[in-house]
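Q: I would like to learn how to read helix packing and internal cavities from a set of coordinates. Please take one feature at a time.

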Amino acid sequence: MTDSRTRADGGMETSFGFRDVADGDKQPLVNDVFHKVAKRYDIMNDVMSAGLHRAWKAGMVGALNPPANPDYHVLDVAGGTGDIAFRIVDASKGLAQATVLDINGSMLGVGEERAQKKGIAENLTFVEANAEELPFEDKTFDAYTIAFGIRNVPHIDRALSEAYRVLKRGGRLLVLEFSEVEAPILDKVYDLWSFHAIPHVGKAIAGDGEPYRYLVESIRKFPNQGDFAKMIERAGFSRVKFTNYSGGIAALHSGWKL
């Protein structure tokens, strides 16, 4: 499926899965997908990753290693349900402050409700906004995280530039995303699971397999590890690297604002 991927010079802005759409049309279509799956988002991630997303997210937060410092501020983008932000707060011994930003109000509603139930709402701020136009001053955050959300942003280059802008000097970027499987046999098995099983399982769970079909296709359109690393470097980040998880099913990209 490598030939279907976009490259470092762009293409995701007009790609809604395998469909070509006009520039500007993708965001409303993506919004509709996540309005449909918001209440079942955690189940959706289990389906998409066969449960492995939990270990990958733990690895991401472990790599961030947030300090036990109440002045440590993290921006978690496309994190409406709060999953990553909750983990970061826990890892900081309940001291870090996390701003959860999402363009989708349905997802944010789920996150705010969960934060209240967990009793950690005082550590969290929920903001409805676009990753391409962040409503924050320059040099505001110590870290920027985004898990399984960057491929749904139409203009990824704009989102990365905004990430660079709002980070303090010495700030860290961490991006966890589905990527290109590098083991040939695993690649074939993963394709069978993705294109034949996931939409059917999604339909059984949510009554609609189309959102899952888009999500699978968007994974195959997203730039591979090397190309995405180039995009991060182009946004100004230094010491850019990536770590593959589960043979490249997912990859954690990181960079620093120096």
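The dialogue below treats two helix pairs and then the cavities.

A: This is a predicted model, in which local features need pLDDT of at least 70, side-chain atom pairs count only at pLDDT 80 or more, and totals for chains, interfaces and linings use all residues. Residues are numbered from 1 along each chain as its sequence is written, and side-chain values use heavy atoms, with hydrogens and water left out.

Q: At what angle do the axes of helix α3 and helix α4 cross?

A: Axes are lines fitted to C-alpha atoms, for helices over the stretch in contact, with angles from 0 to 180 degrees between N-to-C directions. Helices (H or I, at least four residues) and strands (E, at least two) are DSSP runs, numbered from the N terminus. Here the axes of α3 (residues 53–64) and α4 (residues 83–91) cross at roughly 50° and come within 10 Å. That makes α3 oblique to α4; under 35 degrees counts as roughly parallel, over 145 as roughly antiparallel, 65 to 115 as roughly perpendicular and the rest as oblique.

Q: Which residues of α3 and α4 meet?

A: Contact means heavy atoms within 4.5 Å. From α3, Arg54, Lys57, Ala58, Met60, Val61 and Leu64 meet Asp83, Ile84, Arg87, Ile88 and Ala91 of α4. By class, this contact has seven nonpolar, no polar and four charged residues (Ala, Val, Leu, Ile, Met, Phe, Trp, Tyr, Cys and Pro count as nonpolar, Asp, Glu, Lys and Arg as charged, the others, Gly among them, as polar).

Q: How do α6 and α9 pack?

A: Helix α6 (residues 156–166) and helix α9 (residues 225–234) have axes 9 Å apart, at an angle of about 50°. They are therefore oblique to each other. Ile156, Asp157 and Leu160 of α6 make the contact with Phe228, Met231 and Ile232 of α9. Five of these residues are nonpolar, none polar and one charged.

Q: How many cavities does the structure hold?

A: Rolling a probe the size of a water molecule over the atoms shows where empty space is left. On a 1 Å grid over the protein atoms alone, a cavity is a set of points where a 1.4 Å probe fits but cannot get out, and lining residues have an atom within 4 Å of a point. Grid points are joined across faces, edges and corners, and a volume is the space filled by probe spheres set on the points. There are three cavities of 30 Å³ or more, and the largest has a volume of about 240 Å³.

Q: What lines the largest cavity?

A: Its lining has 19 residues, with Ala78, Asp102, Ile103, Gly149 and Asn152 nearest the centre. α1 gives the most, with four residues. The lining of the largest cavity has twelve nonpolar, six polar and one charged residues.

Conventions
On a 1 Å grid over the protein atoms alone, a cavity is a set of points where a 1.4 Å probe fits but cannot get out, and a pocket is an open set with protein on both sides within 12 Å along at least five of seven lines; lining residues have an atom within 4 Å of a point.
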